[in-house]
Amino acid sequence: MVNIVRNELIKLITVTGRTRNRNGFETGEECQENEIFAEVKSVGRTEYYDALRAGVKTSRIFDVHPEDYQMGCIAKDDKTYRPSRVIYEGTEYRIGRTYCKSIDSMEITCEEVE
């Protein structure tokens, strides 16, 4: 059995709505942030080039506990909002894919927001 070390703090960002000014123009987002522990992984060569062929630039993988990820899922207005971004060491990443590997392990595959 592989021992997973989740010793890095990341922020899951869940967008639950948009804010608008009095003229109806969008001015921002309503977000909820949740800090959780993760194991930070680099993207392997094969994964990187396979994603690039599909038009996705994968730059970081975070391994988290599925229950921790669920803390970022927000039920509001009969909808469930899932985390869409991760902030790690001041860098923002867009979540491209989540994959539940086991009952104790979920991978969040991300690309850096430029």
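Let's start at one residue: Val 86 has Tyr 93 in strand E7 as its bridge partner. Keep in mind as you look around that this is a predicted model. That pair belongs to a wider link, in which strands E6 and E7 run antiparallel and are joined by four bridges.

Now zoom out a little. E6 and E7 take their places in a barrel that six strands close, in the order E1-E2-E3-E8-E7-E6, with antiparallel pairing. From one strand to the next, the twist averages 45°.

What lies in the loop between strand E6 (85–88) and strand E7 (91–102)? Gly 90 has its place there. With a relative accessible area of 74%, Gly 90 is exposed. Try finding Ile 10 from here: along the chain Ile 10 and Gly 90 are 80 residues apart, and their C-alpha atoms are separated by 9.6 Å.

Ile 10 also leads us to the largest nonpolar core, which has 15 residues. Which of its members touch the most other members? They are Ile 10, Phe 62, Val 64, Val 86 and Ile 108. At least two residues of this core come from each of strand E1 (8–20), strand E2 (26–41), strand E3 (60–64), E6, E7 and strand E8 (105–112). The strand that gives the most is E8, with three residues.

Let's return to Val 86, where we began, and see what surrounds this residue. Setting aside neighbours within four places in sequence, Val 86 is in contact with Ile 10, Lys 11, Leu 12, Phe 62, Thr 91, Glu 92, Tyr 93, Ile 95, Ile 108 and Cys 110. Its bridge partner Tyr 93 is thus on the list of contacts too.

Cys 110, the last name on that list, brings us to the cysteines. A disulfide is a covalent bond between the sulfur atoms of two cysteines. How many disulfides are there here? The count comes to zero. To count, two cysteine sulfur atoms must lie within 2.5 Å. Take Cys 100: the closest cysteine sulfur, in Cys 73, is 12 Å from its own sulfur, so the two are too far apart for a bond. Cys 110 is in no disulfide either, as the nearest cysteine sulfur, again that of Cys 73, is 14 Å away.

Is Cys 110 buried or exposed? At 2% relative accessibility, Cys 110 counts as buried. Cys 100, on the other hand, is partly exposed, with a relative accessible area of 44%.

Conventions. Residues numbered from 1 in each chain as written. Predicted model: local features only at pLDDT ≥ 70, side-chain atom pairs only at ≥ 80, totals over all residues. Heavy atoms only, no water. Buried < 20%, exposed > 50% of the residue type's maximum accessible area, 1.4 Å probe, protein only. Core = buried A, V, L, I, M, F, W, Y, C linked by side-chain atoms within 4.5 Å. Contact = heavy atoms within 4.5 Å. Pairing = 2+ DSSP bridges. Axes fitted to C-alpha atoms, helices over the stretch in contact; angles between N-to-C directions.
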